[in-house]
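Subject: Structure handover

Hello,

Here is the structure I said I would pass on. Please have it open while you read the notes below.

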Amino acid sequence: MRFYTEEQAAALSENMPAALKQDLTGKHGLITEHYPSSASAFEREIYIGLGKAEEVKLSKLKSAASLAVSQASSLKLKSVTLEVPKLKSISVESASSAIASAIVKSCYRFDRYITDENRKSAPVDDVALQVPE
């Protein structure tokens, strides 16, 4: 899963199909799925918009990370890798900490009293952060 800003959207969509290019706008909270070619290490890539680069704050990053985990859970994914974005306004350390905090909170489920197994959400068992150099 990748987080990206409106400014990064054009660079991301260079090698993608035309239909996907239109969907990658970078608008905050916009989730776009892409099934890459067989040469990719991942079976599916999910892009989460952060909005305009100068407006990205830790709170927006946390809400985007929470959306990412919710999306992974709704897709019944057991393992997810989140790529920590490089942002001018937030250090990589702060971004990593904010994303990790949001992941922990989003993975919590209180479903002890839900007896219908179909109503229980699927937990994401393994979340990894990929930090840029």
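Lys 27 sits in the loop that runs between α2 (18-23) and β2 (31-34). The model is a predicted one, and what follows was computed from it. With a relative accessible area of 55%, Lys 27 is exposed, because the limit for that word is over 50%. Two distances help to place Lys 27. Its C-alpha is 22 Å from that of Val 80, and the two residues are 53 apart in sequence. From Ala 9 to Lys 27 the C-alpha distance is 9.3 Å, with their positions 18 residues apart in sequence.

Ala 9 belongs to helix α1. Is Ala 9 buried or exposed? Ala 9 counts as buried, because its relative accessibility is 4% and buried means under 20%. Ala 10 is also placed in helix α1 (residues 6-12). Ala 10, however, is exposed, with a relative accessible area of 53%. The C-alpha atoms of Ala 10 and Leu 77 are separated by 28 Å, and these residues are 67 apart along the chain.

Helix α2 holds Ala 18. This alanine is exposed too, at a relative accessible area of 57%. Between the C-alpha atoms of Ala 18 and Ala 102 there are 32 Å, for a separation of 84 residues along the chain.

Next, the salt bridges. Side chains of opposite charge can pair when their charged atoms come close. How many salt bridges does the model have? The count comes to 3, with the nitrogen of Lys or Arg required to be within 4 Å of a carboxyl oxygen of Asp or Glu.

- Arg 2 and Glu 83 are joined through their side chains, with an N to O distance of 3.4 Å. This pair links distant parts of the chain, since Arg 2 is in strand β1 (residues 2-4) and Glu 83 is in strand β4 (residues 79-83), 81 residues apart. Arg 2 is partly exposed, at a relative accessible area of 29%. Glu 83 is partly exposed as well, at 26%.
- Arg 44 is paired with Glu 33, and their closest N and O atoms are 3.4 Å apart. Here too the pair links distant parts of the chain: Arg 44 is in the loop between β2 and β3 (45-49), Glu 33 is in strand β2, and they are 11 residues apart. Glu 33 is partly exposed, with a relative accessible area of 29%.
- Lys 60 makes a salt bridge with Glu 55, the closest N and O atoms being 3.9 Å apart. Lys 60 counts as partly exposed at 21% relative accessibility, and so does Glu 55 at 40%.

Now the helices α3 and α4. The axes of α3 (residues 58-74) and α4 come within 8 Å, and they cross at roughly 45°. What is the word for how α3 and α4 lie to each other? They are oblique, because an angle of roughly 45° is neither under 35 degrees, nor over 145, nor in the range 65 to 115. The crossing of α3 and α4 is right-handed.

In the loop between α3 and β4 you will find Lys 76. Most residues other than glycine have a negative phi. Lys 76 is not a glycine, yet its phi is positive, at about 60°. Lys 76 is exposed, with a relative accessible area of 60%.

The last item is on the surface. Which residues make the nonpolar surface patch? Tyr 108, Phe 110 and Tyr 113 make it, and its area is about 440 Å². Phe 110 is found in the loop between α4 (92-107) and β5 (126-130). At 55% relative accessibility, Phe 110 counts as exposed, because exposed means over 50%.

If you want to check some of this on screen, these places can be found from the numbers above:

- the loop between α2 and β2, for Lys 27;
- helix α1, for Ala 9 and Ala 10;
- strands β1 and β4, for the pair of Arg 2 and Glu 83;
- the loop between α3 and β4, for Lys 76;
- the loop between α4 and β5, for Phe 110.

Regards

Key
Residues are numbered from 1 along each chain as its sequence is written. This is a predicted model: local features need pLDDT of at least 70, side-chain atom pairs count only at pLDDT 80 or more; totals for chains, interfaces and linings use all residues. Side-chain values use heavy atoms; hydrogens and water are left out. Patches are made of residues with over 30% relative accessible area and no salt bridge: like charges are joined within 9 Å, nonpolar side chains (Val, Leu, Ile, Met, Phe, Trp, Tyr) within 5 Å. Accessible areas come from the Shrake-Rupley method with a 1.4 Å probe; for residues, only the protein chains shown count as cover. Helices (H or I, at least four residues) and strands (E, at least two) are DSSP runs, numbered from the N terminus. Buried means under 20% relative accessible area, exposed over 50%, partly exposed in between (1.4 Å probe, protein chains only). Axes are lines fitted to C-alpha atoms, for helices over the stretch in contact, and angles run from 0 to 180 degrees between N-to-C directions. A crossing is left-handed if the near helix is turned anticlockwise from the far one by less than a right angle, and right-handed if clockwise.
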